[in-house]
Amino acid sequence: NLPNGQGINYYDNGKIVYEGNYQNGFEHGYGTFYFHNGNKEYEGNVFYGKKHGSGTLFCIFSGEKIYEGDFKFGVKEGYGILFENNIKKYSGLFQNNNFHGFGILFHKNGNIKYFEIKKKEKDSFQNIYIPKTSITQKSIFPTHLGKMKGIKKFFKQNNIDINNISDSYLKFDRLNKNYYLM
């Protein structure tokens with residue numbers, strides 16, 4: 001009989017390997033994997049033994065959170081945040097465990113160090129990230145893009161109060177010179 005439902009699996013040393021849901025003998029659903037030393041390795045969604053969906057990775061030595069975000073069949077895929085010494089180091093998109101597409105690197109003091117915006121080759125759209133700190137009464141000015149013409153008009157036409165905007169994503173259509181709130 002294959003295990004189904006809640007369960008716990010142990011290492012030979014008696015420490016827990018996995019604690020969580022099982023389906024047809026596989027870790028499946030929500031659960032926690034542990035290192036041999038007893039520290040958490042991963043906590044989150046699991047799909048037939050693989051990290052899949054939302055989850056958190058932990059450091060084997062310190063037990064600190066090192067990654068929180070999306071996984072696909074065991075690898076970082078989609079949106080995630082990397083941490084170093086409990087400080088956000090990178091926030092953005094991943095593909096096959098690597099930074100991919102839009103992302104922000106942070107200085108140790110939390111200030112933004114670098115933006116990356118990659119445009120799609122097949123269409124005229126560009127995704128733009130606007131941090132709250134770049135929005136002022138006079139203009140919206142992410143220094144990496146220079147002044148974006150038409151952005152104030154876009155907010156006014158869509159009845160968006162600049163004072164109430166948190167970190168935001170926009171889609172810019174370079175052909176039609178129009179913005180879309182994402």
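Lys89 counts as partly exposed, because its relative accessible area is 38%. In this predicted model, the side chain of Lys89 meets that of Glu84 in a salt bridge, with 3.2 Å from N to O. Glu84 is partly exposed as well, with a relative accessible area of 36%. That pair is a handy way into a chain of 182 residues that has 1 helix and 13 strands.

**Salt bridges**

- The count of salt bridges comes to 4, and the Lys89 and Glu84 pair is one of them.
- Lys40 and Glu43 form another, and their closest N and O atoms are 2.7 Å apart.
- Lys40 has 31% relative accessibility, so it goes down as partly exposed.
- Glu43 is also partly exposed, this time with a relative accessible area of 23%.
- Then there's Glu68, whose side chain meets that of Lys65 in a salt bridge at 3.6 Å, N to O.
- Glu68 is partly exposed at 32% relative accessibility, and Lys65 is partly exposed at 28%.

**The chain as a whole**

- Follow the sequence from start to end and you'll read the pattern β-β-β-β-β-β-β-β-β-β-β-α-β-β.
- The 1 helix shows up after a run of strands in that pattern, with β-β following it.
- Buried residues account for 34% of the chain.
- The accessible surface adds up to about 11500 Å², and carbon and sulfur atoms hold 50% of it.
- Take the contacts with a separation of 6 or more: 20% of them are between residues 24 or more positions apart.

**The largest nonpolar core**

- The largest nonpolar core has 12 residues in all, including Tyr11, Phe33, Val46, Leu57 and Tyr90.
- Strand 2 (16-23), strand 4 (40-47), strand 6 and strand 8 (87-95) each give at least two residues to this core.
- Strand 2 supplies the largest share, with 3 residues.
- Tyr42 is one of the core residues, and its list of partners is worth a look in the structure. Leaving out residues up to four places away in sequence, Tyr42 touches Gly31, Thr32, Phe33, Lys51, His52, Ser54, Gly55, Thr56, Leu57, Phe58 and Phe71.
- Some of those partners belong to the core too, among them Phe33, Leu57 and Phe71.

**Around Thr56**

- You'll find Thr56 in strand 5, which covers residues 50-58.
- Thr56 has 12% relative accessibility, and since the cut-off for buried is under 20%, Thr56 counts as buried.
- Setting aside neighbours within four places in sequence, Thr56 is in contact with Glu41, Tyr42, Glu43, Lys65, Tyr67, Glu68 and Phe71.
- That list brings in both partners of one salt bridge, Lys65 and Glu68, along with Glu43, the partner of Lys40.
- Core residues turn up here as well, including Tyr42, Tyr67 and Phe71.

**A nonpolar patch on the surface**

- Phe26, Phe47, Tyr48 and Phe73 make a nonpolar surface patch of about 380 Å².
- Phe73 sits in the loop between strand 6 (65-72) and strand 7 (75-84).
- With 46% relative accessibility, Phe73 is classed as partly exposed.

Key: Residues numbered from 1 in each chain as written. Predicted model: local features only at pLDDT ≥ 70, side-chain atom pairs only at ≥ 80, totals over all residues. Heavy atoms only, no water. Patch = residues over 30% accessible without salt bridge, like charges linked within 9 Å, V, L, I, M, F, W, Y side chains within 5 Å. Areas by Shrake-Rupley, 256 points an atom, 1.4 Å probe, with all protein chains shown as cover. Helix = DSSP H or I, 4+ residues; strand = E, 2+ residues; numbered from the N terminus. Buried < 20%, exposed > 50% of the residue type's maximum accessible area, 1.4 Å probe, protein only. Contact = heavy atoms within 4.5 Å. Core = buried A, V, L, I, M, F, W, Y, C linked by side-chain atoms within 4.5 Å.
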